[in-house]
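The following note sets out points for a colleague to read beside the coordinates. It begins with one pair of residues and then widens to sheets, cavities and backbone geometry.

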Amino acid sequence: MKRHDSSQTKIIATIGPACSSKEVLRKMFYEGIDVCRLNFSHGSHDDHLEVIKTINEINEEMGTSIAILADLQGPKLRIGEVEKGTVLDDNDILEFTNEDCLGNAKKVYMSYEHFPFDVNIGDTILIDDGKLKLVVTETNRKDSVKAKVVHGGPLSSKKGVNLPNTKISLPSLTEKDIRDAEFALDHNVDWIALSFVRYATDVVDLKELIRKKKKHTKVISKIEKPEALREIKEIIDLSNAIMIARGDLGVEVPFDQVPIIQKQIVRKCIDMAKPVIIATQMMESMITNFRPTRAEANDVANAVLDNADAVMLSGETSVGKYPADAIRNMQKIIDATEGKGFDTYHEVLPSPDSLTFLPDSLCLNAANLAKQVGAKAIIVLSYTGYTGFRIASHRPQSDIFVFTTNAELVPQMSLAWGIRAIGMEHFDQFHDFIEKSTNYLKEKHLLKQGDIVIHVSSVPVKERGLANSLKLGYV
């Protein structure tokens with residue numbers, strides 16, 4: 001059993017060498033982790049398989065339903081190996097070559113073979129999350145690009161490269177991503193994150209791969225490219241969730257724009273009933289320190305106040321010195337912020353032109369009614385999760401419990417704001433669902449006699465349709 005299982009905002013933690021052992025992972029489960037992220041930019045399939053097995057074992061032993069998220073690398077550009085101690089000085093000329101070599105201050109290997117075709121003279125090249133800035137001075141359109149160092153500094157191996165002014169020709173789903181996605185699907189991960197999404201069609205490509213594998217894994221689109229911002233509504237609509245990946249986003253677009261972009265995307269996701277994740281550098285000082293900075297605490301709290309569904313830890317847990325403490329401290333910030341009683345309620349009026357106008361209207365009224373009568377809980381019966389996501393988008397003060405006969409849905413809902421999902425047997429009648437769900441929550445001491453509750457379902461229950469029925473009553 002987790003120590004923290006009542007906060008509305010969820011925690012995603014990246015699993016890496018610092019926390020892949022069963023002992024450390026168990027501590028992280030206990031402290032409040034909701035989703036385990038496997039970063040396919042690093043590690044082998046064998047490494048990830050060991051972690052998947054460990055997560056499944058702990059879930060079974062602790063009675064939890066922690067989800068597994070496979071995060072694909074995407075078309076990430078990187079330089080090759082570089083001599084130790086290499087430093088780029090301002091005004092130096094650095095050559096990027098397609099020939100594999102040990103790099104130095106004069107020449108480095110670039111992993112992307114079409115690099116000379118894509119860049120133009122005057123384009124900006126950023127290395128190591130923007131710590132180094134260069135400008136293209138020459139390209140032979142074949143195998144070599146030369147660039148002038150504008151802001152220099154230490155250069156080390158395998159650092160990422162960003163091209164904020166360049167339209168690269170790599171697909172969002174690379175050959176490596178396809179292999180990684182197929183591996184992840186074969187081992188039944190709950191979510192797959194697609195990196196460097198640029199267009200809505202990128203999401204369609206991944207969903208088609210999932211369909212061909214006959215899986216129901218949900219897709220997270222990572223927003224970290226300026227092109228994605230121009231199609232953001234369409235991307236949100238086609239995705240099951242959105243991740244605001246502020247690391248690369250803050251390099252690809254001016255850093256001063258990122259805070260407003262974050263808030264705009266969060267609001268759009270809530271309006272469209274899609275979970276939204278705030279990621280990157282939330283508590284980065286905890287890679288080496290046992291507590292976060294005041295600014296980092298504010299960053300996490302502001303994500304909570306913005307009503308994001310989840311906040312994510314990267315290096316803090318994957319390679320940091322204090323992975324379990326990072327979870328504990330993030331959970332403390334979430335609890336302290338949510339505990340101040342800020343009104344989270346959000347009213348989204350359904351569109352009469354929408355195919356889901358009627359169930360969306362019912363979900364809105366369930367949330368309105370819960371606020372009006374002070375309901376302790378909204379209890380949902382759902383097979384696809386749609387009704388649960390839609391009710392959660394209104395951010396009601398009431399607890400949200402989603403009962404489902406779909407075992408795959410239980411861990412998938414771990415990502416969504418305020419939802420606690422429970423796998424149950426099949427129900428034949430609406431009144432069976434009301435009776436059995438209420439009794440279950442009473443036995444778990446999540447409800448008590450006299451509590452006001454709202455039940456939402458479709459009738460007939462066995463048809464698994466969209467929500468069309470609501471019941472208000474006392475326990």
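1. Val135 has Lys148 as its bridge partner in E10. Strands, like helices, are DSSP runs numbered from the N terminus, with at least two residues (E) for a strand and at least four (H or I) for a helix. Two strands are said to pair if DSSP finds at least two bridges between them. By that criterion strand E9 (residues 132-139) and E10 are antiparallel partners, joined by 6 bridges. Val136 is likewise matched in E10, its bridge partner being Ala147.

2. On the basis of the model: this is a predicted structure, in which local features need pLDDT of at least 70 and side-chain atom pairs count only at pLDDT 80 or more, whereas totals for chains, interfaces and linings use all residues. Residues are numbered from 1 along each chain as its sequence is written, and side-chain values use heavy atoms, with hydrogens and water left out.

3. E9 and E10 form a hairpin with 4 residues between them. Which residue of that turn has a positive phi? It is Arg141, with phi of about 60 degrees; the value is positive in a residue other than glycine. Most residues other than glycine have a negative phi.

4. E9 also pairs with strand E8 (residues 124-127), in the antiparallel sense and over 4 bridges. In this pairing Thr124 stands opposite Val135, and Leu126 has Lys133 as its bridge partner. The hairpin of E8 and E9 has 4 residues between the strands, and Asp128 takes a positive phi near 60 degrees there.

5. E10 is further joined to strand E6 (residues 93-97) by 5 bridges, and these two strands run antiparallel. Thr97 of this pair stands opposite Ser144 in E10. The wider arrangement is an open sheet of 7 strands with mixed pairing, in the order E4-E12-E8-E9-E10-E6-E7. Strand E4 (77-78) and strand E7 (107-109) stand at the edges with a single partner strand each, so one side of each has no neighbour in the sheet.

6. A further open sheet has 5 strands in the order E20-E19-E18-E21-E22, again with mixed pairing. Its edge strands are E20 (419-423) and E22 (469-474), each of which pairs on one side only. Neighbouring strands of this sheet are turned by 20 degrees against each other on average, direction ignored. Axes here are lines fitted to C-alpha atoms, for helices over the stretch in contact, and angles run from 0 to 180 degrees between N-to-C directions.

7. Within the 5-stranded sheet, strand E18 (residues 377-381) and strand E19 (residues 399-404) pair in the parallel sense over 5 bridges. Ile379 stands opposite Phe401 in E19. Helix H16 (residues 430-443) lies across E18, E19, E20, E21 (452-457) and E22, and runs at about 135 degrees to E21; contact means heavy atoms within 4.5 Å.

8. Where does the cis peptide bond from Val459 to Pro460 fall relative to the strands? Pro460 is found in the loop between E21 and E22, and the bond has omega near 0 degrees. Most peptide bonds are trans.

9. How many cavities of 30 Å³ or more does a search of the whole structure find? There are 2. A cavity is a set of points, on a 1 Å grid over the protein atoms alone, where a 1.4 Å probe fits but cannot get out; lining residues have an atom within 4 Å of a point. Points are joined across faces, edges and corners, and a volume is the space filled by probe spheres set on them.

10. The largest cavity holds about 100 Å³, and its lining includes Lys76, Phe196, Arg198 and Glu252. That lining divides into 6 nonpolar, 1 polar and 4 charged residues. Here Ala, Val, Leu, Ile, Met, Phe, Trp, Tyr, Cys and Pro count as nonpolar, Asp, Glu, Lys and Arg as charged, and the others, Gly among them, as polar.

11. The second largest cavity holds about 50 Å³, and Cys269, Asp309 and Phe389 are among its lining residues. Helix H9 (258-271) and helix H14 (386-392) are the elements that give two or more residues to this lining.

12. The whole structure contains 23 salt bridges, each a side-chain nitrogen of Lys or Arg within 4 Å of a carboxyl oxygen of Asp or Glu. One of them joins the side chains of Lys222 and Asp71 (3.0 Å, N to O). Lys222 lies in strand E14 (residues 218-223) and Asp71 in strand E3 (residues 67-71), so the pair ties together parts 151 residues apart in sequence.

Technical notes:
On a 1 Å grid over the protein atoms alone, a cavity is a set of points where a 1.4 Å probe fits but cannot get out, and a pocket is an open set with protein on both sides within 12 Å along at least five of seven lines; lining residues have an atom within 4 Å of a point.
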